[in-house]
Amino acid sequence: MTALRAELMRLGSDLVLLGFAFAAAVLGLAGSPDVVLVAALYPAVRYTYELRWGTMARAVLLAGRQPVLVARVVAALLGGAVIGSAGVLASLVPWATTDAEVLVTAPLAAVSGLFAGVVLRNYFLAPLAVVLVHIAAELAVVEWPVLGPEMWVLGVGALLITGVVAWLSLSLRDL
């Protein structure tokens, strides 16, 4: 519970979240559907940055590995919801066309971005992997339009698989 409380307190003053929410608002004004990509990049960048500077090691020493990962998942969900909301609220201007489904997909994308950061543990490779997976998903929908309605099933499956891999990688190795 201490790890979750610490994460929730840090979200209020998280400048990284503020920057990503601003980027999502700009994309929302432009009518771009890439607000979900911004939501996925946020926890990958934040986790690997904190891993690089030792903040993650301190949190694990104080609370333990599993509580920290659960707290990070909750913070990623909330951060993704904030980023998705910023994109959707900015799209309320007449010329923008960002869908309201971003409110649901952005938090899930944020959790998958967190898991990419946990598995890759590199502040360059984790965001790059998130971008490449997003591009591959977009190309799959363009190439095979039949997959469009079923992409959420593939996304949830990929989220579960990366979650299990992230949980095991955080549990089985040292920081």
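**Helix packing, membrane spans and a pocket**

Me: How do H5 and H6 pack in this one?
Reply: In this predicted model, H5 and helix H6 (residues 102–120) pack at an angle of about 140°, with their axes 7 Å apart.

Me: Why are H5 and H6 called oblique to each other?
Reply: Angles over 145 degrees count as roughly antiparallel and 65 to 115 as roughly perpendicular, with the rest oblique. The H5 and H6 angle is about 140°, and therefore the two helices are oblique to each other.

Me: Is the crossing of H5 and H6 right-handed or left-handed?
Reply: The crossing of H5 and H6 is right-handed.

Me: Switching topic. Where does UniProt put the transmembrane regions?
Reply: The unreviewed UniProt entry places them at residues 20–49, 69–96, 102–120, 127–146 and 152–170.

Me: What do residues 102–120 look like in the model?
Reply: That span is 100% helix and 0% strand, and its end C-alpha atoms lie 26 Å apart.

Me: And what about residues 20–49?
Reply: Residues 20–49 are 87% helix and 0% strand, with the end C-alpha atoms 14 Å apart.

Me: Now pockets. What is the volume of the second largest pocket?
Reply: The second largest pocket has a volume of about 210 Å³. It is lined by 14 residues, and Ala3, Ala6, Arg10, Ala59 and Leu62 are the closest to its centre.

Me: Which elements give two or more residues to that lining?
Reply: Helix H1 (2–11), helix H4 (55–63) and helix H5 (65–90) do. H1 supplies the largest share, six residues.

Me: How many of the lining residues are charged?
Reply: Four are charged, alongside eight nonpolar and two polar.

Definitions and conventions:
Residues numbered from 1 in each chain as written. Predicted model: local features only at pLDDT ≥ 70, side-chain atom pairs only at ≥ 80, totals over all residues. Heavy atoms only, no water. 1 Å grid on protein atoms, 1.4 Å probe; cavity = no way out; pocket = protein on both sides within 12 Å on 5 of 7 lines; lining within 4 Å. Points joined across faces, edges and corners; volume = space filled by probe spheres on them. Helix = DSSP H or I, 4+ residues; strand = E, 2+ residues; numbered from the N terminus. Nonpolar A, V, L, I, M, F, W, Y, C, P; charged D, E, K, R; others polar. UniProt positions renumbered as here; feature names shortened; annotations may be inferred. Axes fitted to C-alpha atoms, helices over the stretch in contact; angles between N-to-C directions. Parallel < 35°, antiparallel > 145°, perpendicular 65-115°, else oblique. Left-handed = near helix turned anticlockwise from the far one by under 90°.
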